[in-house]
Amino acid sequence: MKPLLLILLLWATVLPVAAQSQVARFVNEVCPESLSRLAGSGMRCGRLHVPEDRYSKASAEISVFVVQLPARVKGDSRPIIVLAGGPGDAASAETAWWLNTRLRDKHDIILVDQRGAGRSRPSLNCPEFDASDDEDSLAECRDRLLAEGIKLTAYGPESIARDIADLIKALELGPANVYAHSYGARVARLLAQMRPQQIRAMLLDSAYTGEASALASAAPNVMRSMQRLYADCQANDACLAAYPDLATQFSRAAAALGARPVEVDGISPDSALRLDSESFVILLRDMLADAERLPYIPALIAAIAEGDDDLLDSVASDVMSPAQASADAHSEGLYFSALCVDEIARTSRAEIKAEAAALPPAYQPLAASAQDLLLDCLNWIDAGTGLSREPPRREIPTLHLLGAYDPIAPVAALNGPLVWRQAFPRLGHGVLEYEPCAEALAVAFFANPTAAPVEDCFKDLRPPAFFIRRDS
């Protein structure tokens with residue numbers, strides 16, 4: 001018995017401190033007035049209290065803000081945990097949509113502001129960015145957060161996934177359903193690896209799952225989406241007549257802006273946007289992601305390529321001024337902490353440059369922007385962590401919703417007998433909130449996640465109805 005006892009004692013000494021740290025606890029609290037006005041008395045709010053660093057016995061305690069929306073009809077359906085993307089977006093900012101979705105007919109909805117985001121505390125929001133998003137603002141925010149004692153490397157995807165596992169246990173939610181948008185899918189996949197028994201089914205929307213570098217794939221993703229745009233325009237008689245050689249016009253527009261940037265009015269009464277080759281292709285990326293602005297891309301390209309100021313001004317207010325989110329809806333500090341933990345470990349500036357080397361010159365500014373972002377990462381945190389790419393230890397039913405135009409999320413290689421994929425032809429980055437057919441599919445999937453979801457509405461889906469300029 002003595003050798004066995006010695007082995008057990010030695011094993012106990014090398015256990016991760018995470019296994020020895022304090023138990024997570026959930027504490028209810030009064031919902032903020034801005035949320036309770038939306039939902040009434042049925043809404044519940046609270047905080048999951050967890051160690052900031054699960055591998056330190058002396059870790060500070062942080063809190064993760066949670067909103068619980070009861071199902072309209074009580075039954076035995078499992079709840080849906082909502083993980084926002086970004087990284088750094090707050091799920092509670094989408095409360096109004098989740099209150100009204102059909103998914104709440106039978107499922108409680110659990111909105112989680114991931115650690116550092118939204119109403120979670122501490123907040124990694126960077127008000128320094130409100131005045132400017134230059135490197136000085138980044139350094140000011142980082143230095144302030146460090147001075148407050150915040151450990152930036154403790155806000156990576158693994159830490160967030162462990163928070164969700166603790167929440168499921170503390171509220172006795174499991175096995176729960178998970179809806180994850182964009183970078184939230186990275187967290188969901190890690191949770192599936194660590195605690196597969198806690199998950200009933202996963203719905204991944206425009207998923208960044210961690211198989212590919214977000215920075216190295218930035219330029220190739222946009223080029224792929226633009227090629228889709230060219231093909232859909234060619235297949236549309238009105239678009240083809242108005243913009244017969246869109247690919248050439250895009251190259252011409254990018255080159256023209258590289259030689260001479262333009263000031264575009266129409267955003268607000270007292271401001272204009274300076275478009276150069278870099279800001280132009282970044283604007284196109286943002287438009288490709290946004291289902292409401294995507295249809296204006298051909299007209300914008302043609303206006304710049306042809307020097308048509310009247311057309312440019314006529315579409316500027318529609319395509320260049322996206323809806324403004326509240327100040328607490330996105331946490332820049334969590335964005336850098338979560339993204340950088342992954343990207344520093346997986347890629348280099350040289351690899352990003354090599355990935356983009358074979359692309360046409362018009363896309364090169366995206367690669368340069370990605371290299372700059374990686375440099376910001378190196379200035380934000382000391383080092384990345386090893387990436388977990390192992391599949392879950394058991395098959396978890398997974399539905400992957402994709403926008404055909406998504407310029408942000410790398411193409412994910414999700415395969416398996418219980419994995420289904422559905423692409424939506426008019427959408428970019430974000431599917432569920434924009435497409436009723438996707439909502440119907442999600443309802444069917446969560447009702448029976450082990451069966452292939454089928455909906456008749458797919459036959460009615462079409463590519464975008466492109467804006468056609470008035471003189472065409």
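This section describes the disulfides, two enclosed secondary-structure elements and the aromatic contacts of a predicted model.

A search of the whole structure identified five disulfides. When the bonded cysteines of the protein are numbered in sequence order, the pairing reads 1-2, 3-4, 5-6, 7-8, 9-10. Three of these links are described here in turn.

Cysteine 31 and cysteine 45 are joined with their sulfur atoms 2.1 Å apart. The torsion about this S-S bond is about 110°, and the disulfide is therefore right-handed. Cysteine 31 belongs to the loop between β1 (25-29) and α2 (33-39), whereas cysteine 45 belongs to strand β2 (residues 44-51), so the bond ties together parts that are 14 residues apart in sequence. Both ends fall under the 20% relative accessible area that defines a buried residue. Cysteine 31 counts as buried because its relative accessibility is 13%, and cysteine 45 counts as buried because its value is 2%.

A further disulfide connects cysteine 233 with cysteine 239, with an S to S distance of 2.0 Å. Here the torsion about the S-S bond is about -100°, so the link is left-handed. Cysteine 233 has a relative accessible area of 1% and is buried; cysteine 239, with a relative accessible area of 0%, is buried as well.

The disulfide between cysteine 340 and cysteine 377 also has an S to S distance of 2.0 Å. Cysteine 340 is located in helix α13 (residues 332-346) and cysteine 377 in helix α15 (residues 364-380), so the bond ties together parts of the chain that are 37 residues apart in sequence. The torsion about the S-S bond of cysteine 340 and cysteine 377 is -70°, and the link is left-handed. Cysteine 340 and cysteine 377 are both buried.

Burial was next examined in a helix and a strand. Helix α11 (residues 297-305) is mostly covered, with nine of its nine residues buried. The buried residues of α11 are Ile297, Pro298, Ala299, Leu300, Ile301, Ala302, Ala303, Ile304 and Ala305. Just after α11, glycine 307 adopts a positive phi of about 65°.

Strand β10 (residues 398-403) is largely enclosed by the rest of the structure, because six of its six residues are buried. Both faces of β10 are covered. On one side lie the buried residues Thr398, His400 and Leu402, and on the other the buried residues Leu399, Leu401 and Gly403. Strand β10 pairs with strand β7 (residues 199-205), to which it runs parallel and is joined by four bridges. Within this pairing, leucine 203 stands opposite leucine 399 of β10. Strand β10 also pairs in the parallel sense with strand β11 (residues 419-424), over six bridges. The bridge partner of threonine 398 in β11 is valine 419. Thr398 and Leu399, which take part in these contacts with β11 and β7, lie on opposite sides of β10.

Aromatic contacts were then considered. The whole structure contains 12 aromatic pairs. In one of them, tryptophan 97 and tryptophan 98 meet edge-to-face, with 5.0 Å from centre to centre and 80° between the planes. Tryptophan 98 counts as buried because its relative accessibility is 2%.

Another pair has a contrasting geometry. The ring centres of tyrosine 183 and tyrosine 208 lie 5.5 Å apart with their planes at 10°, so this pair is stacked. The contact links distant parts of the chain, 25 residues apart. Tyrosine 183 occupies the loop between β6 (176-181) and α6 (184-194), and tyrosine 208 the loop between β7 and α7 (218-234). Both tyrosine 183 and tyrosine 208 are buried. Strand β7, after which the loop of tyrosine 208 follows, is the strand joined to β10 by four bridges.

Ring pairs also link Phe129, Tyr335, Phe336 and Trp380 into a cluster. Members of this cluster occur in the helices joined by the disulfide of cysteine 340 and cysteine 377: the residue ranges of α13 (residues 332-346) and α15 (residues 364-380) include Tyr335, Phe336 and Trp380. A contact between a charged side chain and a ring is found elsewhere, where arginine 115 lies over the face of tyrosine 155 at 5.4 Å from the ring centre.

Conventions
Residues are numbered from 1 along each chain as its sequence is written. This is a predicted model: local features need pLDDT of at least 70, side-chain atom pairs count only at pLDDT 80 or more; totals for chains, interfaces and linings use all residues. Side-chain values use heavy atoms; hydrogens and water are left out. A disulfide is a pair of cysteine sulfur atoms within 2.5 Å. Helices (H or I, at least four residues) and strands (E, at least two) are DSSP runs, numbered from the N terminus. Buried means under 20% relative accessible area, exposed over 50%, partly exposed in between (1.4 Å probe, protein chains only). Two strands pair if DSSP finds at least two bridges between them. Rings of Phe, Tyr and Trp (its six-membered ring) pair if their centres lie within 6.5 Å; planes under 30 degrees apart count as stacked, over 60 as edge-to-face and the rest as tilted. A charge sits over a ring if NZ of Lys or CZ of Arg is within 6 Å of the ring centre and within 35 degrees of the ring normal.
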